[in-house]
Amino acid sequence: MHVFQNNPWFAGLPAAQAQALLALTRPVRLAAGEPLYVQGSFSGTADDGFWGVLRGSLRLSVMHENGNEAILAMAEPGNWFGETGLLEGSGRTATATAQEETELLVVSAERFALLMQDVVFANAIARLEAQRLRAALGMIADMALHGTRARLARRLLMMARGDLTLAPSARSVITASQDHIAMMLGLGRTTLNKELRALARAGAITLRYGQIEVRDLQALRAAASAD
């Protein structure tokens with residue numbers, strides 16, 4: 001379970017609440033491309049719950065009426081997600097799909113409700129929701145206030161911190177295809193490739209197959225605030 005200790009939210013839980021959370025889980029395995037839940041499904045079913053990623057990764061995305069997919073975030077090892085639908089008691093607002101073979105732990109909706117009776121755990125969930133709301137509002141503001149290159153740089157900085165993880169420090173290698181980054185930003189591949197190459201020429205990143213290496217964090221931050 002060391003993977004969860006590397007996650008800032010879980011690591012911040014008091015030992016009693018962390019142990020109680022893990023004690024109520026059961027394992028779930030997904031094949032690459034297999035959905036965990038789909039947009040519009042009810043979040044209170046016996047098979048649904050609060051999910052922790054042990055191994056692999058999932059993309060959280062929404063489907064538009066025209067069939068286009070927009071990726072909201074990537075859930076990586078150590079991340080916990082799925083609390084919003086349980087708190088609202090409503091349908092899932094996104095689809096969660098395994099990017100690769102993925103192993104998770106799940107706390108059922110019923111057991112999650114029991115955990116929420118502990119005020120310490122409930123406060124921790126409130127902080128998790130607040131962090132994600134702040135990140136979501138930041139992305140909305142980016143679309144309104146920043147140009148394409150700055151938006152891209154800001155999303156790369158977020159991905160370097162683990163996207164949903166929001167780690168305090170950035171890692172040097174981001175594993176993501178250009179297709180997925182394009183779906184995160186609502187950009188065409190041609191536009192995305194042009195902006196990535198501009199960041200590479202500035203020395204901020206190096207492009208690799210399926211990966212982006214952050215070469216100069218300060219240069220990437222400068223691009224993120226350029227307009």
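Buried means under 20% relative accessible area. Glu103, at 17% relative accessibility, therefore counts as buried. The model is predicted. The domain assignment splits the chain into domain 1 (1–130) and domain 2 (147–225). The structure holds 10 salt bridges. One salt bridge is counted between domain 1 and domain 2.

**Domain contact**

- The C-alpha centres of domain 1 and domain 2 lie 25 Å apart. Domain 1 puts 14 residues into the contact, and domain 2 puts in 12 residues.
- The size of an interface is often given as the accessible area lost when the parts come together. Here the area buried between domain 1 and domain 2 is about 1000 Å². Carbon and sulfur atoms give 55% of that area.
- Arg171 and Glu76 form a salt bridge, with 2.8 Å between the closest N and O atoms.
- Polar contacts between domain 1 and domain 2 come to 6 residue pairs, both residues at pLDDT 80 or more.
- Strand β5 (residues 69–75) gives the most to the side of domain 1 that touches domain 2, with 7 residues. That side of domain 1 divides into 9 nonpolar, 3 polar and 2 charged residues.

**Salt bridges**

- Side chains of opposite charge can pair when their charged atoms come close.
- Arg29 forms a salt bridge with Glu103, and the closest N and O atoms are 3.3 Å apart. The pair links distant parts of the chain, 74 residues apart. Arg29 is in strand β1 (residues 26–30), and Glu103 is in strand β8 (residues 102–108).
- The two partners sit on opposite sides of the accessibility scale. Arg29 is exposed, with a relative accessible area of 57%. Glu103 is buried at 17%.
- Arg132 and Glu83 meet through their side chains in a salt bridge of 3.0 Å, N to O. Arg132 lies in helix α6 (residues 119–145) and Glu83 in helix α4 (residues 83–88), so the salt bridge ties together parts that are 49 residues apart in sequence.
- Arg132 is buried, at 17% relative accessible area. Glu83 is also buried, at 2%.
- Asp179 and Arg189 form a side-chain salt bridge of 2.8 Å, N to O. Asp179 belongs to helix α8 (residues 178–185) and Arg189 to helix α9 (residues 189–201), and the two are 10 residues apart.
- Asp179 counts as partly exposed at 40% relative accessibility. Arg189 counts as partly exposed at 41%.
- Arg29, Arg55 and Glu103 are joined into one network by salt bridges that share partners.

**Buried polar and charged side chains**

- Gln17 is found in helix α3 (residues 15–23). At 10% relative accessibility, Gln17 counts as buried.
- The side chains of Gln17 and Asp118 make a polar contact of 2.7 Å. Leaving out residues up to four places away in sequence, Gln17 touches Asp118, Val120 and Phe121.
- Asp48 sits in the loop between β2 (35–37) and β3 (49–55). Asp48 counts as buried at 4% relative accessibility.
- The side chain of Asp48 is joined to the side chain of Trp51 by a polar contact of 3.3 Å.

**Loop between α7 and β9**

- Asp163 lies in the loop between α7 (148–160) and β9 (173–175). Asp163 is buried, with a relative accessible area of 4%.
- Phi of Asp163 is positive, near 60 degrees, in a residue other than glycine.
- Leu166 is in the loop between α7 and β9. Leu166 is not a glycine, yet its phi is positive, at about 55 degrees.

**Helix α7 and the segment after α10**

- Leu156 is found in helix α7. At 0% relative accessibility, Leu156 counts as buried.
- Leu156 touches Ile174, Ile181, Leu196, Leu199, Ile205, Ile212 and Leu220, not counting residues up to four places away in sequence.
- Leu156 and Val214 are 58 residues apart in sequence, with 8.7 Å from C-alpha to C-alpha.
- Ala226 is placed in the segment after α10 (217–224). Ala226 is exposed, at 61% relative accessible area.
- Ala226 and Arg151 are 75 residues apart along the chain, and their C-alpha atoms are separated by 9.9 Å.

Conventions
Residues numbered from 1 in each chain as written. Predicted model: local features only at pLDDT ≥ 70, side-chain atom pairs only at ≥ 80, totals over all residues. Heavy atoms only, no water. Domains from an automatic or database assignment. Contact = heavy atoms within 4.5 Å. Buried area = accessible area lost by both parts, 1.4 Å probe. Salt bridge = Lys/Arg side-chain N within 4 Å of Asp/Glu carboxyl O. Polar contact = N/O pair within 3.5 Å; in protein donor to acceptor, adjacent residues only side chain to side chain. Helix = DSSP H or I, 4+ residues; strand = E, 2+ residues; numbered from the N terminus. Nonpolar A, V, L, I, M, F, W, Y, C, P; charged D, E, K, R; others polar. Buried < 20%, exposed > 50% of the residue type's maximum accessible area, 1.4 Å probe, protein only.
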